[in-house]
2 protein chains.
Amino acid sequence: MLEHHAVAVRDGIIEQVLPASEALRQFPNYENVELPDHVLIPGLVNAHTQAATSLMRGLAPERQAAAEKRVLSAEFVREGTALACADMLLAGITCFSDMYFFPESSLEAALEAGMRVVLGLPVMDLPTPYASDPADYLRKGLALRDRYGDEPLASFSLAPHAPYSVPDAAFRQVATLAAELDLLIHAHVHETQAEVERSVAQHGMRPLERLRKLGLLGPNLIAVHCVHVEDREIELLARHGCSVVHCPSSNLKLASGFAPVDAMLKRGINLALGTDGPASNNRLDLLGEMRTAALVAKGVTHDARALPAPVALRAATLGGARALGQGAKIGSIEPGKRADLVALAVRGPCYDPISHVVYAAGREDVTHVWVDGELRVRDGALETEVPALHSRWQIWQNALEGPADS
Amino acid sequence: MLEHHAVAVRDGIIEQVLPASEALRQFPNYENVELPDHVLIPGLVNAHTQAATSLMRGLAPERQAAAEKRVLSAEFVREGTALACADMLLAGITCFSDMYFFPESSLEAALEAGMRVVLGLPVMDLPTPYASDPADYLRKGLALRDRYGDEPLASFSLAPHAPYSVPDAAFRQVATLAAELDLLIHAHVHETQAEVERSVAQHGMRPLERLRKLGLLGPNLIAVHCVHVEDREIELLARHGCSVVHCPSSNLKLASGFAPVDAMLKRGINLALGTDGPASNNRLDLLGEMRTAALVAKGVTHDARALPAPVALRAATLGGARALGQGAKIGSIEPGKRADLVALAVRGPCYDPISHVVYAAGREDVTHVWVDGELRVRDGALETEVPALHSRWQIWQNALEGPADS
């Protein structure tokens with residue numbers, strides 16, 4: 001924690017972190033953004049979302065699947081993701097890991113918004129307007145990766161949806177491709193008790209054991225949720241160096257359960273945080289997830305020292321970066337890293353900036369956001385308004401609501 | 001839920017709720033505030049806080065008692081409460097129920113900010129710079145009530161701090177005075193398992209049973225927390241018509257436990273919401289508490305239907321108003337009630353305004369706040385800035401931090 005310091009940024013890279021007075025001497029020609037009553041933190045990493053579903057935020061859960069089926073298209077994904085990107089930037093999120101259909105449309109929207117994105121290339125055994133079967137999903141995803149592999153703000157993961165929606169053969173193919181192409185694997189894992197039980201009935205084993213047998217466990221696995229994991233499964237995740245993405249609001253709202261994050265952290269598992277899709281949260285607010293994670297861990301363990309503020313902040317920044325294989329590139333404010341930075345205004349006393357950011361601050365305090373050195377939010381407003389998006393909400397909303405009940 | 005409606009306000013009272021087009025015809029000379037993309041909700045009622053402790057927000061819990069002892073004064077309470085009022089108004093809180101020392105200073109600050117307040121007149125067996133013993137506390141509190149009894153925005157409760165800090169004799173006196181003077185009783189009840197056990201050891205009974213024997217249970221009791229209550233205690237609270245103030249963030253942060261709000265609601269108990277003191281939360285954000293309450297109830301009961309959005313919104317508005325004995329005066333948008341109103345900007349699709357307010361909205365969306373018909377927040381900013389408060393934070397912070405460790 002450094003007071004009265006400045007961050008010198010050049011060509012999108014953090015050049016130096018130094019006392020503010022020295023910075024003025026050393027870099028007299030740099031543009032100077034003074035933030036005297038602020039805390040500067042690394043850009044927040046939303047390690048799991050389905051950004052496009054922001055257009056379904058607030059739609060009753062039991063109506064979402066049918067509504068999604070009716071509207072799912074490249075255009076829906078592009079516009080939903082654009083809406084989500086605007087929302088996330090204003091909340092201090094500079095990077096998100098997405099898992100949804102038509103990832104090329106998510107990519108377009110993220111790049112237009114100037115966000116860093118890890119695109120999950122979805123794989124599942126369910127025909128959709130995007131793809132017909134696991135092989136088709138994989139083909140389309142890999143073609144996208146080939147086309148955009150050099151895009152500085154984008155990277156890719158293979159995203160087999162979940163153990164219950166992906167057959168063994170497809171999982172094996174994912175494991176092989178991930179190894180060959182050095183790709184991340186992004187999957188929902190043990191979100192609900194029901195899915196664990198279904199796996200035992202169908203496969204004779206719990207999902208994590210099945211993933212282990214299929215060769216999916218490793219440092220490139222981003223295991224989302226991990227709500228219902230036993231001690232030996234925590235051990236398994238730790239031993240294989242997997243990262244876990246904790247989505248506390250979603251787990252609460254869907255009554256999935258309480259992920260044992262305290263135990264996972266004690267076992268040394270790299271923890272990241274995610275909002276999950278805005279249709280099951282319903283806020284794209286990682287500051288909020290950080291606070292909720294820190295509070296709920298204390299309630300569940302009956303220990304006010306569980307998930308302390310520095311650990312929560314790390315999960316929302318460097319933990320996310322590491323889960324996404326970008327720990328050397330983003331996630332902390334260090335010379336040589338990309339300049340993904342967020343400034344929060346401090347109102348009222350501040351005894352400990354880290355405690356303040358985790359427990360007291362909120363997205364209403366976010367004033368400035370830089371992604372890769374580019375200013376995306378200034379004084380709490382987007383630098384570039386998303387054109388015409390506002391007028392289109394109602395159109396999508398009408399399409400998603402569908403005909404009224406008769 | 002009404003769409004395209006207007007609220008006509010005159011002399012601080014809601015005169016009519018009618019279609020916007022009719023309102024323009026019927027009240028052509030009224031000032032017209034158009035909020036086309038907004039939800040209008042009743043002012044939020046923060047049914048339990050210690051506003052002045054906003055100056056200690058973020059101070060390590062183990063250092064709070066000593067720090068408070070060092071600075072506790074009328075001036076500390078006035079300035080801390082002024083800071084809290086600014087914070088609460090911006091978050092859409094129009095009324096708060098306070099429990100702290102020097103309530104005359106809290107009152108001054110609340111009236112200066114233009115907020116509705118229920119001042120707890122503290123009673124406890126602990127000498128402080130404010131009062132020496134229970135009798136002294138009561139004498140000072142009642143003198144304040146005599147002086148300000150006619151203040152339209154202020155009302156009063158007797159606030160015996162908690163069963164563990166108030167002796168039987170003082171409780172009996174509180175019960176008698178409350179009955180004689182028709183006053184509310186505002187007390188912490190069963191916040192922690194430890195205090196319940198201590199009561200069994202000291203008094204041979206659990207605190208609620210002791211309160212019952214001492215004649216404290218009744219419709220005027222505002223029982224704060226009620227985390228550790230058994231079924232028969234829920235039954236007791238219900239039978240006596242007590243209100244319960246649920247403070248979910250505080251209960252989580254202090255690892256107190258999970259209040260069984262779902263069971264209390266099912267038994268028909270009137271539920272209100274509170275932030276608790278900003279030093280143990282650390283946000284004065286009732287929209288946040290509403291969301292946290294709704295989410296955590298689902299997690300705890302494993303039932304996504306627990307504490308649904310309309311019930312959460314009611315707890316934060318009419319439930320709070322009723323707990324504070326003001327159900328006929330505030331808490332809903334109805335002709336004849338005082339005009340405590342909050343407008344929230346809706347960004348993105350909105351399928352159900354109540355779901356939106358509870359799960360998706362946040363204090364960053366609050367644009368306008370009226371208390372008793374007076375505009376206090378316009379376009380997300382206070383109408384009247386608190387003079388010189390900002391420059392005084394650091395002074396208080398230094399005093400509270402005290403000398404550095406050596």
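**Two chains, one hairpin, one buried helix**

Let's start at a single pair: in chain B, V7(B) has V17(B) of strand 2 as its bridge partner. Keep in mind that this is a predicted model.

Now widen the view. Strand 1 of chain B covers residues 5-10, and strand 2 of chain B covers residues 13-19. They pair in the antiparallel sense, over six bridges. What sits between them? The hairpin has two residues between the strands, and D11(B) takes a positive phi there, near 50°.

Next, helix 3 of chain B, residues 74-90. Is the helix largely enclosed? Let me put that as a count: how many of its 17 residues are buried? The number is 15, so helix 3 of chain B is largely enclosed by the rest of the structure. Its length checks out too. At 1.5 Å a residue, the 17 residues should span 24 Å, and the end C-alpha atoms are 24 Å apart, which agrees. After helix 3 of chain B comes G92(B), with a positive phi near 85°.

Over to chain A. Domain 1 of chain A runs 1-32, and domain 2 runs 44-323. Taken over C-alpha atoms, their centres are separated by 35 Å.

Finally, the two chains together. A turn of 180° with a shift of 0.0 Å along the axis lays chain B on chain A, at an RMSD of 0.0 Å. That is the relation of a two-fold axis. Which residue of chain B comes closest to the rotation axis? E364(B), with its C-alpha at 2.4 Å. And the contact surface: 100% of the interface residues of chain B are also interface residues in chain A, so the copies meet through the same surface.

Key: Residues are numbered from 1 along each chain as its sequence is written. Chains are lettered from A and ligands numbered from 1 in the order in which they are written. This is a predicted model: local features need pLDDT of at least 70, side-chain atom pairs count only at pLDDT 80 or more; totals for chains, interfaces and linings use all residues. Helices (H or I, at least four residues) and strands (E, at least two) are DSSP runs, numbered from the N terminus. The expected span of a helix is 1.5 Å times one less than its number of residues. A residue is buried if 20 or more other C-beta atoms lie within 10 Å of its own, exposed if 12 or fewer, and partly exposed in between; C-beta atoms are placed from the backbone. Domain bounds come from an automatic or database domain assignment. Copies are superposed by least squares on the C-alpha atoms of residues with pLDDT of at least 70 in both. Two residues are in contact if their C-beta atoms, placed from the backbone, lie within 7 Å. Two strands pair if DSSP finds at least two bridges between them.
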